[in-house]
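Q: Please take a close look at the ligand surroundings in this model. Go residue by residue where you can, and add some context from the rest of the fold.

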Amino acid sequence: MRLHVVDHPLVSHKLTTLRDERTLSPEFRRLTDELVTLLAYEATREVRVEPVTVQTPVSPAHGVALSRPRPLVVPILRAGLGMLDGMMRLVPTAEVGFLGMVRNEETLEASTYAERLPADLSGRQCYVLDPMLATGGTLAAALEFLVDRGADHITAICLLVAPEGVANLEAGIAHLDIPITVVTAALDERLNEKGYIVPGLGDAGDRLYGLAQ
Ligand SMILES: O=P(O)(O)OC[C@H]1O[C@H](OP(=O)(O)OP(=O)(O)O)[C@H](O)[C@@H]1O
Ligand SMILES: O=c1cc[nH]c(=O)[nH]1
Ligand SMILES: [Mg+2]
């Protein structure tokens with residue numbers, strides 16, 4: 001597994017405001033959207049394209065177009081939904097599949113409560129959207145799911161990752177024999193005793209959609 005921490009002052013600037021507890025849901029959603037578009041630019045470096053030729057007003061021009069089958073974008077509900085528009089802005093013709101997963105806040109075990117994905121992902125590049133990689137349990141289960149269906153190239157975009165989660169994920173997916181990359185805005189310090197990322201940004205789902213602030 002490859003971890004790519006995007007090092008760019010605009011990413012750091014937006015992430016700092018996102019972390020700030022004074023940032024309320026409307027601005028949190030807008031910043032998430034902007035950050036994901038910046039991360040998606042890096043995350044799609046290996047998106048598959050094929051050669052095409054178009055006719056300009058002057059001459060033929062050799063270029064590329066996205067290959068078929070189109071990439072599959074998979075937001076992990078609930079918080080991953082806040083990342084979908086920012087991703088689709090860059091790859092508007094991608095297909096979208098959904099995974100609903102929730103972490104038990106006592107045991108920190110992830111469980112799946114909804115799945116709406118194509119039955120056959122053979123030969124598909126997949127982009128998984130989940131803002132937080134904390135213990136890594138949620139992302140490990142999601143990747144397993146996609147590889148079981150035949151995905152052969154997966155990139156996860158996370159706003160934040162914790163070192164413990166990256167290590168757990170690496171161990172948990174070591175048997176998956178496909179290229180897997182995690183693209184993130186920051187590798188944070190650690191997890192706390194409740195499984196939250198430190199310094200983190202709190203509960204991403206609540207900050208996007210939840211508690212009135
Ligand atoms: O790496 P992990 O320890 O598995 O934790 C990460 C998961 O926790 C959060 O989801 P949550 O369970 O809070 O669901 P939500 O998106 O509906 O809020 C987050 O959006 C990730 O999916
Ligand atoms: O810090 C964390 C950990 C898991 N889920 C979140 O939303 N935040
Ligand atoms: Mg949550």
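A: A term first: helices and strands here are DSSP runs, of at least four residues for a helix and at least two for a strand, numbered from the N terminus. Keep in mind that this is a predicted model.

Start with ligand 1. It has 22 residues around it. Arg78, Ala134, Thr135, Thr138 and Gly205 come nearest. Four elements each give two or more residues to this shell: strand 6 (98–103), strand 9, helix 4 (137–148) and helix 6. Strand 6 gives the most, with three residues. By type, the shell around ligand 1 splits into 11 nonpolar, seven polar and four charged residues.

Now ligand 2. Its surroundings are Met132, Ala134, Tyr196, Ile197, Gly200, Asp203, Ala204 and Gly205. Five residues of that shell are nonpolar, two are polar and one is charged. Ala134 and Gly205 are on this list, and both are also among the residues that come nearest to ligand 1.

Next, the database record. An unreviewed UniProt entry lists a "binding site" at Arg78, Arg103, Asp130, Pro131, Met132, Leu133, Ala134, Thr135, Gly136, Gly137, Thr138 and Asp203. The unreviewed entry also gives a "binding site" with Ile197, Gly202, Asp203 and Ala204. Asp203 appears in both listings. Asp203 is also in the model's shell around ligand 2.

Take some of these positions one at a time.

Arg78 sits in the loop between strand 4 (72–77) and helix 3 (84–88). Is Arg78 buried or partly exposed? It counts as partly exposed, because it has 16 C-beta neighbours inside 10 Å, and the cut-off for a buried residue is 20 or more. Beyond its sequence neighbours up to four places away, Arg78 touches Gly205 and Tyr209.

Met132 belongs to strand 9 (residues 132–133). It has 27 C-beta neighbours inside 10 Å, so it counts as buried. Leaving out residues up to four places away in sequence, Met132 touches Ala79, Cys158, Leu159, Leu160, Ile197 and Ala204. Ile197 and Ala204 also belong to the shell around ligand 2.

Ala204 lies in helix 6. Ala204 is buried because 26 other C-beta atoms lie within 10 Å. Its contacts, not counting residues up to four places away in sequence, are Ala79, Pro131 and Met132. Ala79 is thus touched by Ala204 and by Met132.

Gly202 is in the loop between strand 13 (197–198) and helix 6 (204–209). With 15 C-beta neighbours inside 10 Å, Gly202 counts as partly exposed.

Now the interior. The largest nonpolar core has 51 residues. Val74, Val128 and Ile157 have the most contacts inside this core. Val74 touches Gly97, Phe98, Leu99, Leu117, Cys126, Tyr127, Val128, Leu129 and Leu146, again not counting residues up to four places away in sequence. Phe98 and Leu99 fall within strand 6, the element that gives the most to the ligand 1 shell.

Last, helix 1 (residues 9–19). Its buried residues are Val11, Lys14, Leu15 and Leu18. They cover an arc of only 100° around the axis, so they lie on the same side of helix 1. These buried residues pack against helix 2 (25–43) and strand 11 (180–187). On the face turned away from the buried side are the exposed residues Pro9, Ser12, His13 and Thr16.

Definitions and conventions:
Residues are numbered from 1 along each chain as its sequence is written. Chains are lettered from A and ligands numbered from 1 in the order in which they are written. This is a predicted model: local features need pLDDT of at least 70, side-chain atom pairs count only at pLDDT 80 or more; totals for chains, interfaces and linings use all residues. A nonpolar core is a set of buried Ala, Val, Leu, Ile, Met, Phe, Trp, Tyr and Cys residues joined through C-beta atoms within 7 Å. A residue is buried if 20 or more other C-beta atoms lie within 10 Å of its own, exposed if 12 or fewer, and partly exposed in between; C-beta atoms are placed from the backbone. Two residues are in contact if their C-beta atoms, placed from the backbone, lie within 7 Å. A residue is near a molecule or strand if its C-beta atom, placed from the backbone, lies within 6 Å of it. Ala, Val, Leu, Ile, Met, Phe, Trp, Tyr, Cys and Pro count as nonpolar, Asp, Glu, Lys and Arg as charged, and the others, Gly among them, as polar. UniProt positions are given in the numbering used here, feature names are shortened, and annotations may be inferred rather than shown by experiment. The arc is that of the directions from the helix axis to the C-beta atoms.
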